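Subject: Structure for your files

Hello,

Here is the structure I said I would pass on. My notes on what turned up in it follow below the model.

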Amino acid sequence: MKQFLKDVLHDLGETPKRLNSKYFYDHAGDGIFQQIMNCEEYYPTNCELEIFQHKTAELATVLKNGFDTFDLIEMGAGDATKSSYLLKEMLRQKFDFTYMPIDISADMIGHLEKKLPKEIDGLKVKGLNGEYFDMLTHASQISPKRKVILFLGGTIGNFETDAALEFCKELRSYLQKGDVLLIGFDLKKHPDVIRNAYNDAQGFTKAFNLNLLNRINRELGGNFALEQFDHYPSYDPATGACRSYLISLVEQEVCIEGRVFTFRKDEYISMEISQKYSVEETELMAFKSGFKPVNHFFDSRNWFLDTVWQCE
């Protein structure tokens, strides 16, 4: 709670105002995001799911990388829908591994630890509740095994490009030479396809963004009037940056823990970036951050890339 408050007060005090997208995911936000993933316009989930459903055996073999035993660590595991296909295939091929899902939601980790061993016979699960790098440190402390990391869903796109490179460099510092990373990238494509994915007709993405204001009201005593903000997405095909904003419809003041924030009419809050990449840009990022790309997996439309990087 203290960190949430600290970040909100800091970010709304910036010029331009912003909010951290990691706070989208409270209980209500999780539910809305499930609706987004199931709506017609939001393609990334189904594209990556297609890869995991139809290229499972090849994925499993590449990720094993000749290891006799290893820890399979999924950063931001969520409900593990996609990775479940991989887990089943690895067990079918009799790989010796422990699945370690990392998630900031304690509820989700508890759910996975109970659910997955019942659904996937023989699966060893050790849930890790917390921030990515803290939990990677913990994973290394509790197990000396080689590491295979999953970072799916195009989550790397939630960083600005420079920050994404720094994230990958930091991730590499927690791994040993020869360890493996499977990382998902949403690829550049027709701008209308991308923009529609973040502006669905049913309004789920709008509700997802507005829910963060509602969370601030509920948890931090804010007084945002949600009806006085609107959702606006943009996509720039030149840079690959897809951005979401909330626009103040009127001149207004919002109070949070005694701090007053003044909004001009039409002033925006920057909410989220979802960066899109070319294949060449992903390969350059791998080399710059200390990895070597060893295999690419695409969906049938070449809209999404799951790429396997090995630690150099």
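Four strands make up an open sheet, with mixed pairing and the order E1-E11-E8-E7. Strand E1 (17–18) and strand E7 (229–236) are at the edges, each pairing on one side only. Please bear in mind that this is a predicted model. E1 runs parallel to its partner, strand E11 (residues 268–275), and the two are joined over 2 bridges.

Lys-17 is a useful place to start, since this residue belongs to strand E1. Its bridge partner in E11 is Ile-269. Is Lys-17 buried or exposed? Lys-17 has a relative accessible area of 8%, and because the cut-off for buried is under 20%, Lys-17 counts as buried. The side chain of Lys-17 is in polar contact with the side chain of Glu-267, at 2.7 Å. Beyond the residues up to four places away in sequence, Lys-17 touches Asp-11 and Leu-12, then Phe-261, Thr-262 and Phe-263, and finally Glu-267, Tyr-268, Ile-269 and Ser-270.

Further along the sheet, strand E8 (residues 241–248) contains Cys-242. Cys-242 is classed as buried because its relative accessible area is 2%. From C-alpha to C-alpha, Cys-242 and Glu-272 are 8.3 Å apart in space, although 30 residues separate them in sequence. Glu-272 is also among the residues in contact with Cys-242 once neighbours within four places in sequence are set aside; the others are Ile-194, Tyr-198, Ser-234, Tyr-235, Ile-273, Ser-274 and Lys-276.

On the edge strand E7 sits Tyr-232. Tyr-232 has 41% relative accessibility, so this residue counts as partly exposed. Leaving out neighbours within four places in sequence, Tyr-232 is in contact with Arg-195, Arg-243, Ser-244, Tyr-245 and Ile-247. The C-alpha atoms of Tyr-232 and Ser-270 are 9.8 Å apart in space, and the two residues are 38 apart in sequence.

Next, the nonpolar cores. In soluble globular proteins, nonpolar side chains tend to be buried together. The largest nonpolar core here has 67 residues, and those touching the most other members are Leu-72, Phe-224, Ile-256 and Ile-269. Which helix gives the most to this core? Helix H10 (residues 204–220) does, with 7 residues. Another core, of 27 residues, lies apart from the largest one and includes Ile-156, Phe-167, Trp-309 and Cys-311. Ile-269 thus appears in two places in these notes: as a well-connected member of the largest core and as the bridge partner of Lys-17. For Leu-72, contacts outside its neighbours within four places in sequence are Leu-86, Leu-87, Met-90, Phe-97, Thr-98, Tyr-99, Met-100, Val-148 and Leu-150.

The last item is Arg-172, in helix H8 (residues 161–173). Arg-172 is buried but forms no salt bridge. How far away is the nearest side chain of opposite charge? That side chain belongs to Asp-179 and is 6.7 Å away; the cut-off for a salt bridge is 4 Å, so the pair does not qualify. A polar atom of the Arg-172 side chain does lie 3.2 Å from the backbone oxygen of Gly-290. Gly-290 is also one of the contacts of Arg-172 beyond four places in sequence, along with Lys-177, Ser-289, Phe-291, Cys-311 and Glu-312. Of these, Cys-311 is a member of the 27-residue core.

Regards

Methods. Residues are numbered from 1 along each chain as its sequence is written. This is a predicted model: local features need pLDDT of at least 70, side-chain atom pairs count only at pLDDT 80 or more; totals for chains, interfaces and linings use all residues. Side-chain values use heavy atoms; hydrogens and water are left out. Two strands pair if DSSP finds at least two bridges between them. A nonpolar core is a set of buried Ala, Val, Leu, Ile, Met, Phe, Trp, Tyr and Cys residues joined through side-chain atoms within 4.5 Å. Buried means under 20% relative accessible area, exposed over 50%, partly exposed in between (1.4 Å probe, protein chains only). Contact means heavy atoms within 4.5 Å. Lys and Arg count as positive and Asp and Glu as negative; His and the chain ends are not counted. A polar contact is a pair of N or O atoms within 3.5 Å; within protein, one must be able to donate a hydrogen and the other to accept it, and residues adjacent in sequence count only if both atoms are side-chain atoms.
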